[in-house]
Amino acid sequence: MADRDWGHCMHCRYFASPARVPMAAEEARCEQPELSRYQLKVFGASGCNGWELRPSLRAAAQPEASEAAAP
Ligand code: SF4
């Protein structure tokens, strides 16, 4: 899905999609505070290093985190 510094827009909290789980081909505004002045429209498959995990995906990401912590 994403590494620590970079991720796809469809998994990002700043991707202004109303969908709980946006798709790669979806287009929406980027509302990242430093980028919003550019009024960017990006695709779900795009990405950047301003990425932060979308809250609706946090629950889905947690099993991965606990699996990573398992011996
Ligand atoms: S351009 Fe970057 S900050 Fe904006 S929605 Fe995409 S990943 Fe998030």
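In what order do the elements of the protein chain run from the N terminus on? The order is β-β-β-β-α, and the chain accordingly holds 4 strands and 1 helix. The model described here is predicted.

**The chain as a whole**

The protein chain has 71 residues, of which 21% count as buried. Among the contacts in the chain with a separation of 6 or more, 43% are accounted for by residues 24 or more positions apart. The largest nonpolar core has 9 residues in all. Its members are C9, M10, C12, Y14, F15, A28, C30, V42 and W51.

**The surroundings of the ligand**

The ligand is surrounded by 14 residues, and the closest are C9, C12, C30, Q32 and C48. By class, this shell comprises 9 nonpolar residues and 5 polar residues, with no charged residue. Three residues of the largest nonpolar core, namely C9, C12 and C30, are also listed among the closest to the ligand.

**Two positions in detail**

A28 and G50 illustrate two settings within the chain. A28 has its place in strand β2, which covers residues 27–29. G50, by contrast, is found in a loop, between β4 (47–48) and α1 (55–69).

Is A28 buried or exposed? A28 counts as buried because 20 C-beta neighbours lie inside 10 Å, and 20 or more are required for that class. G50 has 16 such neighbours inside 10 Å and therefore counts as partly exposed.

Which residues does A28 touch, when those up to four places away in sequence are not counted? They are F15, A16, S17, K41 and V42. Of these contacts, F15 and V42 belong with A28 to the largest nonpolar core. On the same basis of counting, G50 touches Q32, E34 and L35. Q32 thus links two parts of this account, as a contact of G50 and as one of the residues closest to the ligand.

Each of the two positions can also be paired with a residue elsewhere in the sequence, as the table sets out.

| Pair | Separation in sequence | C-alpha to C-alpha distance |
|---|---|---|
| A28 and A16 | 12 residues | 5.4 Å |
| G50 and H8 | 42 residues | 9.9 Å |

A16 is also one of the residues that A28 touches.

In outline, A28 is a buried residue of strand β2 and a member of the largest nonpolar core. G50 is a partly exposed residue of the loop between β4 and α1.

Conventions: Residues are numbered from 1 along each chain as its sequence is written. This is a predicted model: local features need pLDDT of at least 70, side-chain atom pairs count only at pLDDT 80 or more; totals for chains, interfaces and linings use all residues. A residue is near a molecule or strand if its C-beta atom, placed from the backbone, lies within 6 Å of it. Ala, Val, Leu, Ile, Met, Phe, Trp, Tyr, Cys and Pro count as nonpolar, Asp, Glu, Lys and Arg as charged, and the others, Gly among them, as polar. A nonpolar core is a set of buried Ala, Val, Leu, Ile, Met, Phe, Trp, Tyr and Cys residues joined through C-beta atoms within 7 Å. A residue is buried if 20 or more other C-beta atoms lie within 10 Å of its own, exposed if 12 or fewer, and partly exposed in between; C-beta atoms are placed from the backbone. Two residues are in contact if their C-beta atoms, placed from the backbone, lie within 7 Å.
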